[in-house]
Amino acid sequence: MKNKKPSPLSHLSNLGYNKQKYTESEILEGVKNNDNKMYRFIYKSYYPGIKSMVVGFHSLALDADDIFQDGLVTASRNVMEDRFRGDSTFYTYLTSICRNKCFKQLEQAGKFRPANPKIEISEEPAADLEDLIYRLTVLKDKMDEKCRQIIELRFGLKDGIKGQNNLSDSGSNVRFEEIATILKIEPDNARQRFKRCLEKLRETVFNDRVWNDLLATTKY
Amino acid sequence: MKNLDNDIDLIEKFLDGSLSENEEAAFRERLANDAVFANAFSKRKLLQKAFFEATVRSKIKKSIQSVMAEENRRTTTNRRVWLAAASLILLALAGSVLLYNSSWRKPEQQFAKEQTSPENGDRAATQRKVNSMEEYSNVDVLVRKDSVNDFFPDEFTVLKPTDTIIFKWPASLNERYLTIYNSKGELVKKATIKANVIKYTLLPGVLKPEVYYWKFMNDSALIRIKVSN
């Protein structure tokens, strides 16, 4: 069996030379698969430009690392959910999302009032839903580990990111029998535990003032 | 409260897909007609959607953060390696310059006519430069052995334009002016010598590579010297 020989220039990659380049479709495929190699490429290739853009705002309210991370998360999710139509390059798309995040943060910090309130680009999902998701990230961290685990199992997150992409009215929930097998408990126990934990989550979320304020202005 | 509990169970059964055909039809009818029930169902779906997205995004963000941290670590390590290499090169360069200078500064073995070779135990006519003000920037200082009571330098003394030359003469000579002429007979240097002084220091650069003659005014002894590179 033939061993694959390493490229004679492969050692240069470690020194920053011989940079690997990818086509647009390869980038999108890598992002869709949550591929760390592709995130590394995106970070090395796109971060400097986005950082310059953020620094260009001359505001201490903005952190280039945070903006880049949040922007890339949003862009990646949109690619995974096929919400990115590919009208522009991924770099342009990512930069637009990051710029919108900058505007939003400056607006929240009271340092920016847009002349045109619709600054979001058309391919980005409703910005308010993003806020709800971000708020829930904060709230779910307040829950205990056992509750988080059973809710994640029930909501189809046991397979990670690929486990469930599109939620329909009646599907995408893992049956309690399956959850019970994973947790090595009875299905009724799983059902009861989930019910209790969901109730806790409801209380935490629907009693949260920020969540309710966002919910009042969100179309979901 | 009981009704709410039942509604939650009903919604979960619907989401499981475990309702019978009739129960599902009743469920859908209730969704269409009961606003409170429809709102509870809608909130349940929103909760799931937001929870799902929040969890997935947290995982993606963790991946991105770990990639960024790893890249930053790698960049820092590379920078340190380059810095260490640059420091080593600088140190090596500095060391080479020091070594070169110390060997270049080694005094030349120059001898007066009666000092034929170093094997005879004679001290070289040149001394290593010791940073004294009178020597200035010259490397070699040409000086005669104190014990020899004669004219120095003479035609056998090898002289270079960069040497500091210490002129010496017999103690019995009591003249006031030391003169140096070039081969055309032109006066190059005239120095006044104070009484009881038996040496005169000529700084480097005064004598270019050429043949010169030096003597004391009113003295018959004319000494030929040659300065060459």
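A residue is called exposed here if 12 or fewer other C-beta atoms lie within 10 Å of its own, buried if the count is 20 or more, and partly exposed in between. With that cut-off in hand, and bearing in mind that this is a predicted model, select Lys184(A), which has 6 other C-beta atoms within 10 Å and is therefore exposed. Lys184(A) belongs to the loop that runs between helix H8 (176-183) and helix H9 (187-206) of chain A, and its phi is positive, at about 55°, although the residue is not a glycine. As background, most residues other than glycine have a negative phi.

Stay in chain A and move to Asn34(A), another residue other than glycine with a positive phi, in this case near 55°. Asn34(A) sits in the loop between helix H2 (24-32) and helix H3 (36-55) of chain A. Is Asn34(A) exposed or only partly exposed? With 18 C-beta neighbours inside 10 Å, Asn34(A) counts as partly exposed.

Now colour chain A by secondary structure: the chain comes to ten helices and zero strands, so that line of the viewer's legend is a run of α elements from the N terminus on. Of the 220 residues in chain A, 26% are buried. Among the contacts in chain A between residues at least 6 apart in sequence, 60% join residues at least 24 apart.

Within chain A, select helix H7 (residues 145-154), whose buried residues are Ile150(A), Ile151(A), Leu153(A) and Arg154(A). If you look down the axis of H7(A), these buried residues fall within an arc of 160°, so they line one face of the helix. Continuing along the sequence, H7(A) is followed by Gly156(A), whose phi is positive, near 80°.

The next selection takes in both chains. The largest nonpolar core has 47 residues, and the members that touch the most others are Leu72(A), Leu94(A), Cys98(A), Leu136(A), Ile151(A) and Phe51(B). Helix H3 (residues 35-104) of chain B gives this core its largest share, namely eight residues. A second core, separate from this one, has six residues, including Ile180(B), Tyr212(B), Trp214(B) and Val227(B). To look at one member of the largest core more closely, centre on Leu94(A), which touches Tyr46(A), Gly71(A), Leu72(A) and Ala75(A) when residues up to four places away in sequence are not counted.

Turn next to chain B as a whole, which has three helices and nine strands; read along the sequence, the three helices are followed by the strands, in the pattern α-α-α-β-β-β-β-β-β-β-β-β. Of the 229 residues of chain B, 17% count as buried, and residues 24 or more positions apart account for 47% of the contacts in this chain with a separation of 6 or more.

Among the strands of chain B, show the open sheet of five strands, which has the order E3-E9-E8-E5-E6 and mixed pairing. Strand E3 (158-159) and strand E6 (187-192) of chain B stand at the edges, each with a single partner strand, so one side of each is left without a neighbour in the sheet.

Working inward from E6(B), select strand E5 (residues 177-182) and strand E8 (residues 210-216) of chain B, which pair in the antiparallel sense over five bridges. Along this pairing, Asn182(B) stands opposite Tyr212(B) in E8(B), and Tyr212(B) is also a member of the second core.

On to the neighbouring pair: E8(B) and strand E9 (residues 223-227) of chain B are likewise antiparallel, with five bridges. Which residue in E9(B) is the bridge partner of Trp214(B)? The partner is Ile223(B). E8(B) and E9(B) form a hairpin with six residues between them, and in the turn Asn218(B) has a positive phi of about 70°.

For the last stop, select Phe152(B) and Pro153(B), which are joined by a cis peptide bond with omega at about 0°. In general, most peptide bonds are trans. Pro153(B) is found in the loop between strand E2 (140-142) and E3 of chain B, and following the chain onward from that loop brings the viewer back to E3(B), one of the edge strands of the open sheet.

Terms used:
Residues are numbered from 1 along each chain as its sequence is written. Chains are lettered from A and ligands numbered from 1 in the order in which they are written. This is a predicted model: local features need pLDDT of at least 70, side-chain atom pairs count only at pLDDT 80 or more; totals for chains, interfaces and linings use all residues. Helices (H or I, at least four residues) and strands (E, at least two) are DSSP runs, numbered from the N terminus. Two residues are in contact if their C-beta atoms, placed from the backbone, lie within 7 Å. A nonpolar core is a set of buried Ala, Val, Leu, Ile, Met, Phe, Trp, Tyr and Cys residues joined through C-beta atoms within 7 Å. Two strands pair if DSSP finds at least two bridges between them. The arc is that of the directions from the helix axis to the C-beta atoms.
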